[in-house]
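Work through the exercises below with the sequence and the model open side by side, and try each task before reading its solution.

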Amino acid sequence: MKAFGHRRATRMDETDALVELDIPTPVPGPRDVVVEIRAVSVNPVDTKLRSMDPPGDEPRVLGYDAVGTVVATGGQVRGFRAGDRVFYAGTANRQGSDARFQAVDERLIALAPKSLSDAEAAALPLTALTAWELLFDRLGVRLGEMDNPEAIMIVGGAGGVGSILTQIARRLTGLTVIATASRPETTDWCLEMGAHHVIDHRRPLDQELARIGIPQVRYVAGLTASGEHRDAIVRSLAPQGALALIDDPGEFDIMPFKRKALSVHWEYMFARPMFETPDMPAQGRILAQLASLVDAGLLKTTLHEMLGPITIANLRRAHELLESGKGIGKAVLCGFE
């Protein structure tokens, strides 16, 4: 079958940064479904893994977010059947979704939102899982507690995770949502996603909070440049507040957080599937709940750019857009030529 990935660590200026592969169609394991892919989106983890050699001698198929139709099921699968339209983010330790077919564990998938197109649904899984786990599992915010008087600052509000985290925090909690952005178009996007306030992350974050009359916040979501903003984040957090971050700062000394008794949490949505934790099925349940919230009109897609069908050229465009740092929301590819 046709798939797209890489054979070695590459930069995007290299001609073989992404290559077309001809690999066997996957056979489902006992708890797997095989999905015929209809649409995918691209995430920073794709570019990160592309810059590293694949494990072993086999090329790595990239891609995590996907929407498609179940065409085969393993012997122990009970929750899905052929013909189901599903969406998921998969896991980083199996072959990815930039392919005609993909095998994925049934515990990680859910029926796709009925109200969204394939492209609209493909924008959501990885970022929505990350945002949901960050807010409710890591920071401990209570789902549905609409009288919460606290505030959350989302550093990097216009990206994929920031776009859906803003919606979840605004619609499903009582938190005051403060997103950061640096351009007029990203500021407008954050407001469209539901932010109460947007501040400029080119300036010290604590000074920007003071400018809008909010001296400190209870929570910070560090989605980008966490190392660069660390000292301002410490100043911005109220005593006994909490930071959850998802990026990869080269160094991140947490000693400055001690004086205020601040907690620091890492969110990595692949942790559950990679280690097959006992609560691994939570990801399928979260996606099912998200689909219901979308179909109820409470959440919406974060699709911002359609890049055409799933081809080498369009995947290169998606990787280049992510690495430019100028992407807004999610970029999606739909269908095969």
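**Exercise 1. Decide whether Cys 334 and Cys 190 are buried, partly exposed or exposed in this predicted model.**

Solution. Begin with the cut-offs, by which a residue is buried under 20% relative accessible area and exposed over 50%, with partly exposed in between. Cys 334 has a relative accessibility of 30%, so this residue counts as partly exposed. Cys 190, in contrast, has a relative accessible area of 0% and is therefore buried. As a next step, ask about disulfides, for which two cysteine sulfur atoms must lie within 2.5 Å; by this rule the count for the model is zero.

**Exercise 2. Work out which strands stand at the edges of the open sheet that contains β2, β1 and β4.**

Solution. Write down the order of the three strands, which is β2-β1-β4, with antiparallel pairing. β2 (19-22) and β4 (60-61) each have a single partner strand, so they stand at the edges, and one side of each is left without a neighbour in the sheet. Then look at the pairing of strand β1 (residues 2-6) with β2, where four bridges join the two antiparallel strands. Within this pair, Gly 5 can be found opposite Val 19 of β2.

**Exercise 3. Describe the largest cavity by its volume and by the character of its lining.**

Solution. The structure has one cavity of 30 Å³ or more, and the volume of the largest cavity is about 40 Å³. Its lining includes Gly 90, Thr 91, Arg 94 and Gln 95, together with Gln 102, Ala 103, Val 104, Asp 105 and Leu 108. Sorted by character, the lining of the largest cavity gives three nonpolar, four polar and two charged residues.

**Exercise 4. Find which strand gives the largest share of the lining of the second largest pocket.**

Solution. The volume of the second largest pocket is about 200 Å³, and of its 14 lining residues, Met 1, Ile 23, Pro 24, Pro 26 and Gln 95 are the closest to the centre. Strand β7 (residues 101-105) provides the largest share of this lining, namely three residues. By character, the lining of the second largest pocket divides into nine nonpolar, three polar and two charged residues.

**Exercise 5. Judge whether the radius of gyration of the protein chain agrees or disagrees with that of a compact globule.**

Solution. For 337 residues a compact globule would have a radius of gyration near 20 Å, and because the protein chain has 20 Å, the two agree. Buried residues make up 56% of the chain, whose secondary structure comes to 10 helices and 16 strands.

Note on methods
Residues are numbered from 1 along each chain as its sequence is written. This is a predicted model: local features need pLDDT of at least 70, side-chain atom pairs count only at pLDDT 80 or more; totals for chains, interfaces and linings use all residues. Side-chain values use heavy atoms; hydrogens and water are left out. Buried means under 20% relative accessible area, exposed over 50%, partly exposed in between (1.4 Å probe, protein chains only). Two strands pair if DSSP finds at least two bridges between them. On a 1 Å grid over the protein atoms alone, a cavity is a set of points where a 1.4 Å probe fits but cannot get out, and a pocket is an open set with protein on both sides within 12 Å along at least five of seven lines; lining residues have an atom within 4 Å of a point. Grid points are joined across faces, edges and corners, and a volume is the space filled by probe spheres set on the points. Ala, Val, Leu, Ile, Met, Phe, Trp, Tyr, Cys and Pro count as nonpolar, Asp, Glu, Lys and Arg as charged, and the others, Gly among them, as polar. The radius of gyration is taken over C-alpha atoms; the globule rule is 2.2 Å times the number of residues to the power 0.38.
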